[in-house]
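Work through the following exercises with the model open beside you. Each one sets a task and then solves it step by step.

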Amino acid sequence: MLLGICCTLFVGCQQKTDPVADVLESPVNYTQEVQQAFESFWSKFNGGQMADSIVFNQTMSFFADDLLMPGDTGKLPGDGKGLFGWLKGYVQNNKPFFDVTVDRIEATKDMAYVLYRYHETFTDLATGEYSVDVKHSAIMVLRRNDDGIWKCVVMKFT
């Protein structure tokens, strides 16, 4: 009798721990999705082709149309278009590279934030010297759109 109960429990447990069923029933790992989107953006940004307008626009599509960039002067957040306009011109003569370290990612179904720090360099293409060499800490707030794509809606760096 005891052997029958043990066999029933063993078989029942075996059926409930089916790895295929676990994958199908497990919730989406939104943190991993956000990390992949974040890393993909920086990989493209550091890819060395930002001077190409098509690559620049594709890379910058990571940012939502309603992106906000809070400033340091107490003013209301701006939309980032000024920075992107400057950047589009600057990468024509300078190669960017950001060495990014992620400190924390928190995500839900449709919102997330990434706390990170980075060492930013831009190398003058003509001279090979750094035109920018700074370190910052930053936060990005991302929103998952209706197509399931994570886009940055707020970016703030120190």
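**Before you start**

The mean pLDDT of the protein chain is 84, and 82% of its residues reach 70 or more, where pLDDT is the predictor's confidence in each residue, from 0 to 100. Over residues 1-26 the pLDDT is below 50, and beyond near neighbours in sequence this stretch has two contacts in the model, a contact being heavy atoms within 4.5 Å. Where pLDDT is low, the predicted coordinates should not be read in detail.

This is a predicted model, in which local features need pLDDT of at least 70 and side-chain atom pairs count only at pLDDT 80 or more, while totals for chains, interfaces and linings use all residues. Residues are numbered from 1 along each chain as its sequence is written, and side-chain values use heavy atoms, with hydrogens and water left out.

**Exercise 1. Describe the protein chain as a whole, beginning with its secondary structure.**

Step 1. The secondary structure comes to five helices and five strands; helices (H or I, at least four residues) and strands (E, at least two) are DSSP runs, numbered from the N terminus. Read along the sequence, the pattern is α-α-α-α-β-α-β-β-β-β.

Step 2. Of the 158 residues of the protein chain, 26% count as buried, where buried means under 20% relative accessible area, exposed over 50%, and partly exposed in between (1.4 Å probe, protein chains only).

Step 3. Among contacts between residues at least 6 apart in sequence, 55% join residues at least 24 apart.

**Exercise 2. Examine helix 3: does its length agree with expectation or disagree, and where do its buried residues lie?**

Step 1. The 16 residues of helix 3, at 1.5 Å a residue, should span 22 Å, and its end C-alpha atoms are 23 Å apart, which agrees; the expected span is 1.5 Å times one less than the number of residues.

Step 2. The buried residues of helix 3 are Tyr30, Val34, Ala37, Phe38, Phe41, Trp42 and Phe45. Seen down the axis, these buried residues fall within an arc of 125°, so they line one face of helix 3; the arc is that of the directions from the helix axis to the C-beta atoms.

Step 3. Take Phe38 as an example from helix 3: Phe38 is buried, with a relative accessible area of 1%. Not counting residues up to four places away in sequence, Phe38 touches Phe62, Val100, Val102, Val114, Tyr116 and Met140. The C-alpha atoms of Phe38 and Cys152 are separated by 8.9 Å, although these two residues are 114 apart along the chain.

**Exercise 3. Carry out the comparable analysis for helix 4.**

Step 1. In helix 4, Phe56, Thr59 and Met60 are buried. They cover an arc of only 90° around the axis, which puts them on the same side of helix 4.

Step 2. On the other side of helix 4, Ile54 and Gln58 are exposed. The cover over the buried residues of helix 4 includes helix 3, strand 1 and helix 5.

Step 3. At the N-terminal end, Asp52 caps helix 4, with a side-chain oxygen 2.9 Å from the backbone nitrogen of Ile54. This is a polar contact, that is, a pair of N or O atoms within 3.5 Å; within protein, one must be able to donate a hydrogen and the other to accept it, and residues adjacent in sequence count only if both atoms are side-chain atoms.

**Exercise 4. Which residues have the most contacts inside the largest nonpolar core, and which helix gives the most to this core?**

Step 1. The largest nonpolar core has 31 residues, and those with the most contacts inside it are Met60, Phe63, Tyr116 and Met140. A nonpolar core is a set of buried Ala, Val, Leu, Ile, Met, Phe, Trp, Tyr and Cys residues joined through side-chain atoms within 4.5 Å.

Step 2. Among the elements that each supply at least two residues of this core are helix 5 (81-90), strand 2 (94-107) and strand 4 (130-144). Helix 3 gives the most, with seven residues.

Step 3. Leaving out residues up to four places away in sequence, Phe63 touches Phe41, Phe84, Met140, Lys151, Cys152 and Met155.

**Exercise 5. Locate Asn46 and Gly128, and state whether each is buried or exposed.**

Step 1. Asn46 lies in the loop between helix 3 (30-45) and helix 4 (53-60), and is buried, with a relative accessible area of 16%. The side chain of Asn46 reaches the backbone nitrogen of Phe98 at 2.8 Å.

Step 2. Gly128 lies in the loop between strand 3 and strand 4, and at 52% relative accessibility Gly128 counts as exposed.
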